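Reader: I would like a close look at one part of this model. Please keep it brisk, and connect that part to what lies around it.

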Amino acid sequence: MTSIKIAGIGGSLRKDSFNTKLIHQAKELMPHNSVMEIISVGNLPLYNQDDDENPSKEVMAFKDSLRSSHGVLIVSPEYNYSIPGFLKNAVDIASRPPVDNVLRGKPVAIMSASSGAFGGMRAQYHWRQVFHFLDMKQIGRPEVFVNYAQEKFDQSGRIKDESTITLIRDLLNHLVNAAIEYSHIQ
Ligand SMILES: Cc1cc2nc3c(=O)[nH]c(=O)nc-3n(C[C@H](O)[C@H](O)[C@H](O)COP(=O)(O)O)c2cc1C
């Protein structure tokens, strides 16, 4: 069977990001028949439609990594009740031009960590609207919101709480199952 590759996009640009810890935790918890490649988005330019015909090498490498994946995991902070600009920029780049949209139809799952009580819930629902437009196959359940994130990670950056680990495993299993189906129709 094809080894399933999930592209992991997210974390944040700050050094001690909870979302970066969360994406690394997810990578460790991937089901046995799959791997996650964490793709950095910090070096991408701001999206400019004028560059569609002549993308930079960073943009080409980013899109190639997504193109060769069978599914996507987005691990997103919540900024001002919504999606952080640097991550939306990465998704905008991946989606253009329409003939080279490397996200359309792909399975996608979302997780978030925040220092607040709702764990990034509002950002996740805004992301779901974006996934809908891109015609991605969204994994609806379980929803993984890591709230009060400053209390949830140990010294080595791993989630302390077993119930959250179980939810992450469950979400990744659903994502990989959808990615297996996607790999058959590709
Ligand atoms: C610009 C900005 C806006 C924020 N807005 C929200 C928000 O709307 N909801 C929330 O729960 N936390 C918000 N926070 C707090 C973040 O949850 C917190 O900074 C978190 O650590 C960011 O994720 P990171 O640790 O991965 O960088 C905001 C933080 C920043 C820097």
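Which residues are the closest to the ligand, and how many surround it?

Author: A word on the source: this is a predicted model. The ligand is surrounded by 16 residues. The closest are S12, S17, N19, S114 and G116. By class, this shell holds six nonpolar, eight polar and two charged residues.

Take N19 as the way in. N19 is one of the buried residues of helix α1, which spans residues 18-28. The other buried positions there are F18, T20, K21, L22, I23, Q25 and A26. That makes eight of the 11 residues of α1, so the helix is largely enclosed by the rest of the structure. What encloses α1? Its buried residues pack against β1, β2, β3, β4, β6 and α5. A general point helps when reading such a list. An α-helix has 3.6 residues a turn, so residues three or four places apart point the same way.

Now the strands beside the helix. β1, α1 and β2 form a β-α-β unit, and it is right-handed. β1 covers residues 4-10, and β2 covers residues 34-39. These two strands run parallel and share six bridges. Within that pairing, A7 faces E37 of β2. I9 has I39 as its bridge partner in β2. β1 also pairs with β3, again in the parallel sense, over five bridges. There, I9 stands opposite I74. So I9 has a partner in β2 and another in β3. β1 is mostly covered, with six of its seven residues buried.

The nonpolar core comes next. The largest one has 46 residues. I6, A26, L73 and L175 touch the most other members. Helix α5, residues 162-185, supplies the largest share of this core, seven residues. I6 sits in β1, given the strand's range of 4-10. Leaving aside residues up to four places away in sequence, I6 touches M30, S34, M36, S69, H70, G71, V72, L73, L175, V176 and A179. A26 belongs to the buried set of α1.

F153 offers a contrast. It lies in the loop between β6 and α5. With 19 C-beta neighbours inside 10 Å, F153 counts as partly exposed, because buried status needs 20 or more. F153 touches two buried residues of α1, F18 and K21. Its other contacts are R158, I159 and K160, again not counting residues up to four places away in sequence. The C-alpha atoms of F153 and I9 are separated by 20 Å. Along the chain, the two are 144 residues apart.

Last, some backbone details to check before any setup. R96 and P97 are joined by a cis peptide bond, with omega about -10 degrees. P97 is in the loop between α3 and β4. A cis peptide bond also joins R141 and P142, with omega about -5 degrees. P142 lies in the loop between β5 and β6. Two non-glycine residues have a positive phi: N80, at about 50 degrees, and Y81, at about 65 degrees. N80 is in the loop between β3 and α3, and Y81 is found there too. N80 is exposed, with 9 other C-beta atoms within 10 Å. Y81 counts as exposed as well, with 12 C-beta neighbours inside 10 Å.

Methods:
Residues numbered from 1 in each chain as written. Predicted model: local features only at pLDDT ≥ 70, side-chain atom pairs only at ≥ 80, totals over all residues. Pairing = 2+ DSSP bridges. Helix = DSSP H or I, 4+ residues; strand = E, 2+ residues; numbered from the N terminus. Right-handed = clockwise from strand over helix to strand, strands pointing away. Near = placed C-beta within 6 Å. Nonpolar A, V, L, I, M, F, W, Y, C, P; charged D, E, K, R; others polar. Core = buried A, V, L, I, M, F, W, Y, C linked by C-beta atoms within 7 Å. Contact = placed C-beta atoms within 7 Å.
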